[in-house]
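Trainee: Could we go through this one together? I'd like to know what stands behind the labels people put on it.

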Amino acid sequence: QKEQQKEQQKEQQKEREKYFADMGIVHFNRKQQVHLMNLDEDPSMSNSLFYPLQEGNNKVGSATTMNIRLEGGSIEIEHAIIVVSKNQENVTIESLGDDCEVYINGKPIAPHSPTTLNNRDRVVLGTNHFFKFVHPGQSTGQDVHVDYEVALREMAEQIAAEQTHALIHDQRVVHENEKKALKDQINELHQSKSDQEAQLAQLDQHHREREAALKEEFEDQLAEEMKRQQRVKPKTIVKTVYKTQKREIKFRGLLMVTVVAAKHLPKVDLLGSADPYVTLTLYNEDSLVKVRQKTDVKKNTLTPNFNNACFVFSVNNLDRLELTVKDWNRFLSDRFLGKITLNIDKIPKRQ
C-alpha cells in the first residue's frame, strides 16, 4: 500500500511538472539566467512563479505551442515575443499585433517595435498578467522596490495621462470646429451684407412712401373730424383732439434686432440644464400682435449662443417689442425663463 502511495505521488509530481512546463515554468538557475517573475495582488503569491527566458526567441501567448503560455481574454494566441541575445547581453520584447497589449513600466509599446528590457522593469501582458523582469547580470544602480502595487500604479497613471491627452485633443477639435463655423458665418454675413443693405433701402423707401400716404389720409380724416366737431361743444372738441394727438404716429422705420446670447438662465430640467430659445413679438398700440419670430432651440445649455441671429421689423413709435426666453419641451408646454420689453420710441434712431 505504501508503494502504491509513493507511485501516486510520483505521478502527481510528474503531472504538476508537466503542467508548469507547458506554462513555461521549469527549474533553472535564477542567479544566472534572465527570467520573468510574477507579481500578484496577494503579496504572498508574488514572486512565486518564475518563467526562464532561453537564448533566442521566447514566444508568449495562449496557444499550447508557446514557450510561455498565459490564459485570459486579453491574451492573444500569439501575443508577444521576447528575444534573448547571445550571452544575455540584450533582451527585447515585441508586441505581435494591434490587439496584443504590452506595457513596460506602465507605458504601452507599439506593435512590432522591439523594446529593450532592463533589470527590474515591470512587464504587463494583456490587462491582468503582471511580471517583473530579472536580469542577474545587470544592476539597477539603486535598490528599487518592485511589487504589484507599483506596477498597478504605473498603469493607472498612464491611463489617466492618456485620458487627459484625449480630452485635451477633443476640446481642441471642438474649438477648431467652432472657430471654423464662426469664420464661415462671418463670411456668409459679409457676402450677404450688400444684398441686405439693398433690401433695407428698398424697404425703407417703401415705408417712407407708405408713411406719406398714411399721413395724408390721417390729415384728411382729421380735417373731416374737425368739421364734425364744429357742431359740438368746445369742451368735447378739445377732448377729442387731445386723444387724437396722443395716438399720433410720429415716425415709421425698420428695426434690426441681433440676438447674441443669454446668461444666468435657471435650471429647469432633471439634468440641471435647459433647451432655450428666444421669441421676438412686435405689438401695436392696441397690444395686438403684428409680427412674431423666434430663434433656433439650443439644446442642453444655460448659456446659449444664438450665433448673432438677425431679425428685421417694420415699426412705428407706438409699437413695442417683447423678447421672451423659453425652455423648449417636446411633450409639455414650453417653460417661461425670462423676458424684456422695449418701447420703439425709446430706441435710438439711425438716419
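Trainee: Of the contacts between residues at least 6 apart in sequence, what percentage join residues at least 24 apart?

Mentor: That comes to 53% of them. Keep in mind that this is a predicted model. As for the basic inventory, the protein has 3 helices and 17 strands. Buried residues account for 31% of its 351 residues. About 24100 Å² is exposed, and carbon and sulfur atoms supply 50% of that.

Trainee: Let's try helix 2. Why is glutamine 158 called buried?

Mentor: Buried means under 20% relative accessible area. Glutamine 158 has 19%, so glutamine 158 counts as buried. Glutamine 158 lies in helix 2, and beyond residues up to four places away in sequence it touches Gly106, Lys107 and Pro108.

Trainee: What makes arginine 122 and glutamate 154 a salt bridge?

Mentor: The cut-off is a Lys or Arg side-chain nitrogen within 4 Å of a carboxyl oxygen of Asp or Glu. Here N to O is 2.5 Å, so the pair qualifies. Arginine 122 sits in strand 10 (residues 122–125) and glutamate 154 in helix 2, 32 residues apart, so to speak a link between distant parts of the chain. Both partners are buried.

Trainee: How many salt bridges turn up in the whole structure?

Mentor: The search finds 7. Another one of them joins arginine 208 and aspartate 204, with the closest N and O atoms 2.9 Å apart.

Trainee: How far apart along helix 2 are arginine 208 and aspartate 204?

Mentor: They are separated by about one helical turn, because they are 4 residues apart in helix 2. Aspartate 204 has a relative accessible area of 28%, so the label is partly exposed.

Trainee: Which strands are linked by the salt bridge between glutamate 322 and lysine 339?

Mentor: Their side chains meet at 3.5 Å, N to O. The pair connects distant parts of the chain, with glutamate 322 in strand 16 (residues 320–327) and lysine 339 in strand 17 (residues 335–343), 17 residues apart.

Trainee: Is glutamate 322 buried or exposed?

Mentor: Glutamate 322 is at 12% relative accessibility, so it counts as buried.

Trainee: And lysine 339, buried or exposed?

Mentor: Exposed means over 50%. Lysine 339 comes in at 52%, so exposed is the right word.

Trainee: On to the surface. Which residues gather in a patch of negative charge?

Mentor: The patch holds Glu216, Glu217, Glu219, Asp220, Glu224 and Glu248. Take glutamate 219, which is found in helix 2 (residues 148–229). A patch member needs over 30% relative accessible area and no salt bridge. Glutamate 219 has 45%, so it clears the area cut-off and is called partly exposed.

Trainee: Which residues form the nonpolar patch?

Mentor: Phe218, Leu222 and Met226 do, with about 220 Å² of accessible area together. Phenylalanine 218 is also placed in helix 2. Its relative accessibility is 31%, so phenylalanine 218 passes the over 30% cut-off and counts as partly exposed.

Trainee: Where is glutamine 54?

Mentor: Glutamine 54 is in the loop between strand 2 (50–52) and strand 3 (56–61). With a relative accessible area of 44%, glutamine 54 falls between the 20% and 50% limits, so it is partly exposed.

Trainee: What is glutamine 54 in contact with, leaving aside its neighbours within four places in sequence?

Mentor: Gln33 and Val84. Contact means heavy atoms within 4.5 Å. Separately, glutamine 54 and valine 34 are 20 residues apart in sequence and 8.0 Å apart in space, C-alpha to C-alpha.

Trainee: What is phi of asparagine 307?

Mentor: It is near 55°, a positive value in a residue other than glycine. Most residues other than glycine have a negative phi, which is why such a value gets a remark. Phi of asparagine 308 is near 55° too, again positive.

Trainee: Where do asparagine 307 and asparagine 308 lie?

Mentor: Asparagine 307 is found in strand 15 (residues 305–316), and asparagine 308 lies in strand 15 as well. Asparagine 307 has a relative accessible area of 33% and is partly exposed. Asparagine 308, at 36%, also counts as partly exposed.

How values were computed
Residues are numbered from 1 along each chain as its sequence is written. This is a predicted model: local features need pLDDT of at least 70, side-chain atom pairs count only at pLDDT 80 or more; totals for chains, interfaces and linings use all residues. Side-chain values use heavy atoms; hydrogens and water are left out. Patches are made of residues with over 30% relative accessible area and no salt bridge: like charges are joined within 9 Å, nonpolar side chains (Val, Leu, Ile, Met, Phe, Trp, Tyr) within 5 Å. Accessible areas come from the Shrake-Rupley method with a 1.4 Å probe; for residues, only the protein chains shown count as cover. Lys and Arg count as positive and Asp and Glu as negative; His and the chain ends are not counted. The place of a charge is taken as NZ of Lys, CZ of Arg, CG of Asp or CD of Glu. Helices (H or I, at least four residues) and strands (E, at least two) are DSSP runs, numbered from the N terminus. Buried means under 20% relative accessible area, exposed over 50%, partly exposed in between (1.4 Å probe, protein chains only).
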